[in-house]
Amino acid sequence: MTISSDNTAPSLRSVLRSPALLLASWFGVGLSPRAPGTAGSIAALPLVALLVYYLPVVTTAIIGLLLFFVGVWSASEAGRRWGQADHGAIVIDEVVGQLLATAVPVYVLGDVLASFPVVILLSLVTFRLFDIVKVWPADYVDKHSKNGWGVMLDDVFAGLWAGVVVIALLLMTY
């Protein structure tokens, strides 16, 4: 699928002028010259920590769904504007994936098995690993869905896998 584009290079100026680009780049974090995906995951941690530590699962799920759909819209627009469906500067998908990677073990296990900072650290490392490696079905979505839905869904799957692995790691160590 070819994306129509005005081939506007991501710049802080263009990001600040567009709500879609601002969200897609997670307030400019995606413009990081090195490892923008990791930068996006790290930048997501304060929001993720606040949501999963203070809010009930239903509220966090609703916010997560809203972020997902906003992500589909903003990633689609950014991909069109920047000429690449999954441009490196698009990191709102990392925000949603990191939320899942953290929320799954916290809400499934509670804080019975580990300290919250340990869960945060494990979810960050495992999510980055699964986001880079692209385990099924993320690999399929990444290869076959070159649009905002694909950008978001491959990180949803990476986040879910990471969450399951964090649960397994915590159960093995406690």
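Asp 154 is buried, with a relative accessible area of 1%, and this residue of the predicted model is a convenient place to begin, since its side chain meets that of Lys 134 in a salt bridge with an N to O distance of 3.4 Å. Because Lys 134 lies in the loop between α6 and α7 while Asp 154 belongs to helix α8, the pair ties together parts of the chain that are 20 residues apart in sequence. Through shared partners, salt bridges join Asp 154, Lys 134, Asp 131, Arg 128 and Glu 94 into one network.

**The salt-bridge network**

The count of salt bridges in the model comes to five, and the following table lists three of them.

| Salt bridge | N to O distance |
|---|---|
| Arg 128 and Glu 94 | 3.8 Å |
| Asp 131 and Lys 134 | 3.0 Å |
| Lys 134 and Asp 154 | 3.4 Å |

Arg 128 pairs with Glu 94 by a salt bridge whose closest N and O atoms are 3.8 Å apart. This pair links distant parts of the chain, with Arg 128 in helix α6 and Glu 94 in helix α5, 34 residues apart. Both Arg 128 and Glu 94 are buried. Asp 131 counts as buried because its relative accessibility is 5%, and Lys 134, at 19%, falls under the 20% limit and therefore counts as buried too. Lys 134 also has a backbone feature of its own, for just after α6 it takes a positive phi of about 60°.

**Helix α6 and the loop that follows**

Helix α6 has 18 residues and reaches 26 Å from its first C-alpha to its last, close to the 26 Å expected at 1.5 Å a residue. Its buried residues include the charged Arg 128 and Asp 131, together with Val 119, Ile 120, Ser 123, Leu 124, Thr 126, Phe 127 and Phe 130. These buried residues pack against α3, α5 and α8 (148–173). In the loop between α6 and α7 (138–144) lies Pro 137, which is joined to Trp 136 by a cis peptide bond with omega of about 0°.

**Helix α3 and its approach**

Two residues in the loop between α2 (19–24) and α3 have positive phi values without being glycine. Trp 26, placed in that loop, has phi near 50°, and it counts as buried because its relative accessibility is 11%. Ala 35 lies in the loop between α2 and α3 as well, again with phi near 50°, but Ala 35 is partly exposed, with a relative accessible area of 47%.

Helix α3 itself covers residues 36–54, and its 19 residues should span 27 Å at 1.5 Å a residue, which agrees with the 28 Å between its end C-alpha atoms. The helix nevertheless bends by about 40° at Leu 45, and a proline, Pro 46, follows within four residues. Among the buried residues of α3 are Gly 37, Gly 40, Ala 44, Leu 45, Val 48, Leu 51 and Val 52, and what covers the buried residues of this helix includes α4, α5 (92–109) and α6 (116–133).

Which residues does Gly 40 touch, leaving aside those up to four places away in sequence? They are Val 29, Val 91, Glu 94 and Val 95, so that Glu 94, a partner of Arg 128 in the salt bridge described above, is in contact with Gly 40 because their heavy atoms come within 4.5 Å. Gly 40 is in helix α3 and counts as buried at 0% relative accessibility. Its C-alpha is 6.9 Å from that of Trp 26, the two residues being 14 apart in sequence.

**Helix α4: a buried threonine and a surface patch**

Thr 60 is found in helix α4 and is buried, with a relative accessible area of 3%. Leaving out residues up to four places away in sequence, Thr 60 touches Leu 51, Val 52, Leu 55, Leu 99 and Tyr 107; of these contacts, Leu 51 and Val 52 are themselves buried residues of α3.

Val 58, in helix α4 (residues 57–82), counts as exposed because its relative accessibility is 56%. Together with Val 57, Ile 62 and Leu 66, Val 58 forms a nonpolar patch on the surface, with about 380 Å² of accessible area together. The C-alpha of Leu 66 is separated by 24 Å from that of Gly 110, which is 44 residues apart from it along the chain. Gly 110 is found in the loop between α5 and α6 and counts as partly exposed at 36% relative accessibility.

Definitions and conventions: Residues numbered from 1 in each chain as written. Predicted model: local features only at pLDDT ≥ 70, side-chain atom pairs only at ≥ 80, totals over all residues. Heavy atoms only, no water. Patch = residues over 30% accessible without salt bridge, like charges linked within 9 Å, V, L, I, M, F, W, Y side chains within 5 Å. Areas by Shrake-Rupley, 256 points an atom, 1.4 Å probe, with all protein chains shown as cover. Salt bridge = Lys/Arg side-chain N within 4 Å of Asp/Glu carboxyl O. Buried < 20%, exposed > 50% of the residue type's maximum accessible area, 1.4 Å probe, protein only. Expected span 1.5 Å × (residues − 1). Bend = angle between axes of the 7 residues up to and from the residue.
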